[in-house]
Amino acid sequence: MLLFVKGRFADAIFSGRKTIEIRAGKRYAGIRAGDFVSINGRFRRMVHRVDHAPDVNHLISKLTGRFASAGFVDE
């Protein structure tokens with residue numbers, strides 16, 4: 001699957017500094033761990049983990065504790 005990502009985020013994914021990508025919508029429902037995604041058609045990365053959340057509150061709760069490792073100060 002081809003994912004379009006802003007250049008600075010694509011660079012961070014390429015270097016390994018960005019390891020979390022959040023996508024919503026039916027188009028992304030079929031992505032599974034082990035799949036490969038193409039970032040802007042420039043390079044590919046394997047999906048290591050997929051979490052499904054029924055709404056934003058569940059999404060935030062699944063991300064709790066992962067903000068620091070993603071380079072964010074807080075939620």
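Which backbone nitrogen lies 3.3 Å from a polar atom of the side chain of Ser38? That of Gly41 does. The legends below start from the whole chain and then return to this contact. The model is predicted.

**Figure 1. Overview of the predicted protein.** Two helices and three strands make up the secondary structure. Read from the N terminus, the order is β-α-β-β-α. The radius of gyration is 13 Å, close to the 11 Å that the globule rule gives for 75 residues, so the protein is as compact as a globular protein of that length. Along the principal axes, the C-alpha atoms fill a box of roughly 30 × 30 × 20 Å. Take the contacts between residues at least 6 apart in sequence: 43% of them join residues at least 24 apart.

**Figure 2. Surface and charge of the protein.** The accessible surface is about 5,700 Å². Carbon and sulfur atoms account for 57% of that area. Buried residues are 19% of the 75 in the protein. Positive side chains number 14 and negative ones 7. The centres of these two sets lie 7 Å apart.

**Figure 3. Ser38 in strand 2.** Strand 2 spans residues 36–39 and holds Ser38. Ser38 has a relative accessibility of 18%, so it counts as buried, the cut-off being under 20%. A polar atom of its side chain lies 3.3 Å from the backbone nitrogen of Gly41. Beyond its neighbours within four places in sequence, Ser38 is in contact with Met1, Leu2 and Leu3 on one stretch of the chain, and with Phe43 and Arg44 on another.

**Figure 4. Asn40 in the loop between strand 2 and strand 3.** Strand 3 covers residues 43–46, and Asn40 sits in the loop that comes before it. Most residues other than glycine have a negative phi. Asn40 is not a glycine, yet its phi is positive, about 55°. With a relative accessible area of 24%, Asn40 is partly exposed. A polar atom of the Asn40 side chain lies 2.6 Å from the backbone nitrogen of Val5. Val5 is also one of the residues that Asn40 touches, along with Leu2, Leu3, Phe4 and Ala10; residues up to four places away in sequence are not counted. Leu2 is 38 residues from Asn40 along the chain, and the C-alpha atoms of the two are separated by 6.6 Å.

**Figure 5. Phe9 in helix 1.** Helix 1 runs over residues 7–15 and includes Phe9. The relative accessible area of Phe9 is 30%, so this residue is partly exposed. Glu21 is twelve residues away along the chain. The C-alpha atoms of Phe9 and Glu21 are separated by 9.6 Å.

**Figure 6. The two ends of helix 2.** Helix 2 covers residues 56–63, and Asp55 caps its N-terminal end. In this cap, a side-chain oxygen of Asp55 lies 3.1 Å from the backbone nitrogen of Asn57. Just after the helix comes Gly65, which takes a positive phi of about 90°.

**Figure 7. Asn57, the cap partner in helix 2.** Is Asn57 buried or exposed? Its relative accessible area is 63%, so Asn57 is exposed; the cut-off for that is over 50%. Asn57 and Arg8 are 49 residues apart along the chain. Their C-alpha atoms are separated by 27 Å.

Terms used
Residues are numbered from 1 along each chain as its sequence is written. This is a predicted model: local features need pLDDT of at least 70, side-chain atom pairs count only at pLDDT 80 or more; totals for chains, interfaces and linings use all residues. Side-chain values use heavy atoms; hydrogens and water are left out. Helices (H or I, at least four residues) and strands (E, at least two) are DSSP runs, numbered from the N terminus. The radius of gyration is taken over C-alpha atoms; the globule rule is 2.2 Å times the number of residues to the power 0.38. Buried means under 20% relative accessible area, exposed over 50%, partly exposed in between (1.4 Å probe, protein chains only). Contact means heavy atoms within 4.5 Å. Accessible areas come from the Shrake-Rupley method with a 1.4 Å probe; for residues, only the protein chains shown count as cover. Lys and Arg count as positive and Asp and Glu as negative; His and the chain ends are not counted. The place of a charge is taken as NZ of Lys, CZ of Arg, CG of Asp or CD of Glu. A polar contact is a pair of N or O atoms within 3.5 Å; within protein, one must be able to donate a hydrogen and the other to accept it, and residues adjacent in sequence count only if both atoms are side-chain atoms.
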